[in-house]
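User: Could you take me through this model before I plan my reading of it? I would like to begin with its reliability and then turn to the fold.

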Amino acid sequence: MGGLAPEAKAHHASDPTFCAAQAAGWKFPRSLDERPGREPVQTRFTPDWSNELMMQKESADVVVIGGGVRGLVTAYYLSKAGVDVAVLEKRFVGAGATGLNTGYANVSEKGPRHYTEFSKMSADMYPALNEELGGGIEYERNGSLRIVETQAEWEAQAATVAERNQVPGLSMQMLEIDELRRLEPALASDLRGGSFCPIDGSVNPLKFVRALAQRAAQNGARIHIGCEVADIHVTAGRIEEVVTRQGRLATHVVVNAAGIHVPRIAAMVGLDVPVNAERGQLTITEALPRFMRRPIGPYTQFANGQVLIGVTNENVGENTGVTTAMIASRVRQALRILPVLKQATGIRCTAALRPMPPDRLPIYQKMDAVRDFYVTVGHSGITLAPVTGKVLADLITTGHTDIPLDPYRVERFKPQGATAH
Ligand SMILES: Cc1cc2nc3c(=O)[nH]c(=O)nc-3n(C[C@H](O)[C@H](O)[C@H](O)COP(=O)(O)OP(=O)(O)OC[C@H]3O[C@@H](n4cnc5c(N)ncnc54)[C@H](O)[C@@H]3O)c2cc1C
């Protein structure tokens, strides 16, 4: 077997991330050839959609900007309703936060109450969506665990559990470590304990977003990759066309689902929508025999056996670099909680940017100042995918949704927020 190319070996040896994780007691492969020959989960895939935009057809009833989970789930629900929709994605499907995340459909960590309810509504829609998509997205609903190491953490988490349980159907419990180890035998025995939420689930985010794109395309949606939106023309408060680097597309309806670039797209029509980029650094291991049955805090094991060790929350702008200190601290904690990982080999340390409104709640809105301009943005795009698709399709096709959206209006950020209804 050949090893790494000489220049790659040199980089490998001097990479501070590798050194940090090694300091945390971790081995890394001497050669990438030592990795088991399994399909990596988080590898960017080569899309098979056309980037020959436009101009097979030079208009669309609805243009969705952004080929992440929010844009594609919106396109899927719209295409199911028979709407003529085009998705414009400047890079490729899943190129943003969607392509590199933990994949929890997570209700247990979402508060306040209205947000718990909104997240639960979405989580409850997953089984049907999974079936519609024909399976194959690694959807499981085995619950999730949140581990606590100290008594102070136990008390804080117990308070959170009591608050979450005010929403019917969550049935969260605090469990001693022996009880937790009956659910997850790989947990260390000297931990304080933790909480269990039976209704949480998980998916493989890349398989999920690709399935949404494929089904939307089968329903007639056009998905244009490598197609960057540069401007939106508005006349007398009405959208007339979307201008891309590849050409123009006439439309009167736009959904802004551009992730961390939602503010730039909103500015093209004169609106102010505040969204920050929040960095999440993570580490991915080689494929291991299945030892986790469900997500445990920031750790998840995908169906191919790779474990994702997450994650940081950092406000560092549009910077996807990784740092020694952060990676090492997360890996050390993972080794404490799941000692089996000491036998593992890390194969990748990387980072992605969460689109995060200032109060950490999502924004869903049909804006007022510009007719038929919709915004969907925020964290937890995977958890909220089904409800996102339904809400946008309802609003666009009927002008109304029964799902309460008042807490997610942009006016809550006034004076920065734009006029909206
Ligand atoms: C480390 C990490 C872990 C996470 N874990 C979870 C989790 O477990 N559960 C969960 O629910 N959420 C999780 N999230 C959050 C989740 O990944 C995001 O909320 C979600 O992916 C956002 O999807 P999106 O479609 O809004 O944005 P993105 O996926 O970022 O997509 C936006 C797209 O718009 C495109 N775009 C931007 N500008 C233009 C333009 N001018 N023209 C055309 N296209 C453009 C971009 O290329 C991009 O593909 C995590 C995030 C991170 C970083």
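Analyst: The points below concern confidence, the sheets, a helix contact, the ligand shell and two backbone details.

User: What is the mean pLDDT of the protein?

Analyst: This is a predicted model, in which local features need pLDDT of at least 70, side-chain atom pairs count only at pLDDT 80 or more, and totals for chains, interfaces and linings use all residues. Residues are numbered from 1 along each chain as its sequence is written. The mean pLDDT (the predictor's confidence in each residue, from 0 to 100) is 88, and 85% of the residues reach 70 or more.

User: Where does pLDDT stay under 50?

Analyst: One such stretch is residues 1–25, for which the model has 36 contacts beyond four places in sequence. Another is residues 27–47, with 40 contacts of that kind. Two residues are in contact if their C-beta atoms, placed from the backbone, lie within 7 Å.

User: Now the sheets. In what order do the six strands lie?

Analyst: The six strands form an open sheet in the order 8-2-1-12-18-17, with mixed pairing. Strand 8 (222–224) and strand 17 stand at the edges with a single partner strand each, so one side of each has no neighbour in the sheet. On average, neighbouring strands are turned by 15° against each other, direction ignored. Strands (E, at least two residues) and helices (H or I, at least four) are DSSP runs, numbered from the N terminus, and two strands pair if DSSP finds at least two bridges between them.

User: How many bridges join strand 1 to strand 2?

Analyst: Four bridges join strand 1 (residues 62–65) to strand 2 (residues 85–88), and the two run parallel. Within this pair, Ile 65 stands opposite Leu 88 of strand 2.

User: Which strands does helix 3 lie across?

Analyst: Helix 3 lies across strand 1, strand 2, strand 12 (254–256) and strand 18 (373–377), and runs at about 170° to strand 2. Helix 10 lies across strand 1, strand 12, strand 17 and strand 18, at about 170° to strand 18. Axes are lines fitted to C-alpha atoms, for helices over the stretch in contact, and angles run from 0 to 180 degrees between N-to-C directions.

User: At what angle do helix 4 and helix 10 cross?

Analyst: The axes of helix 4 (residues 113–132) and helix 10 (residues 385–398) come within 7 Å and cross at roughly 95°. The two helices are therefore roughly perpendicular to each other, a term that covers 65 to 115 degrees. Helix 4 contributes residues including Phe 118, Met 121 and Leu 129, while Ala 385, Pro 386 and Val 387 come from helix 10.

User: And the three-stranded sheet: which strands are at its edges?

Analyst: That open sheet has the order 9-10-11 with antiparallel pairing, and its edge strands are strand 9 (229–235) and strand 11 (247–250). Strand 10 and strand 11 form a hairpin with two residues between them.

User: Changing topic, which residues come nearest to the ligand?

Analyst: Of the 39 residues around the ligand, Gly 68, Gly 96, Gly 259, Gly 280 and Gly 381 come nearest. A residue is near a molecule if its C-beta atom, placed from the backbone, lies within 6 Å of it.

User: Lastly, which peptide bond is cis?

Analyst: The bond from Gly 111 to Pro 112 is cis, with omega near 5°, and Pro 112 is found in the loop between strand 3 (104–105) and helix 4. Arg 360 has a positive phi, near 70°, and is found in the loop between strand 16 and strand 17 (363–366).

Conventions. Parallel < 35°, antiparallel > 145°, perpendicular 65-115°, else oblique.
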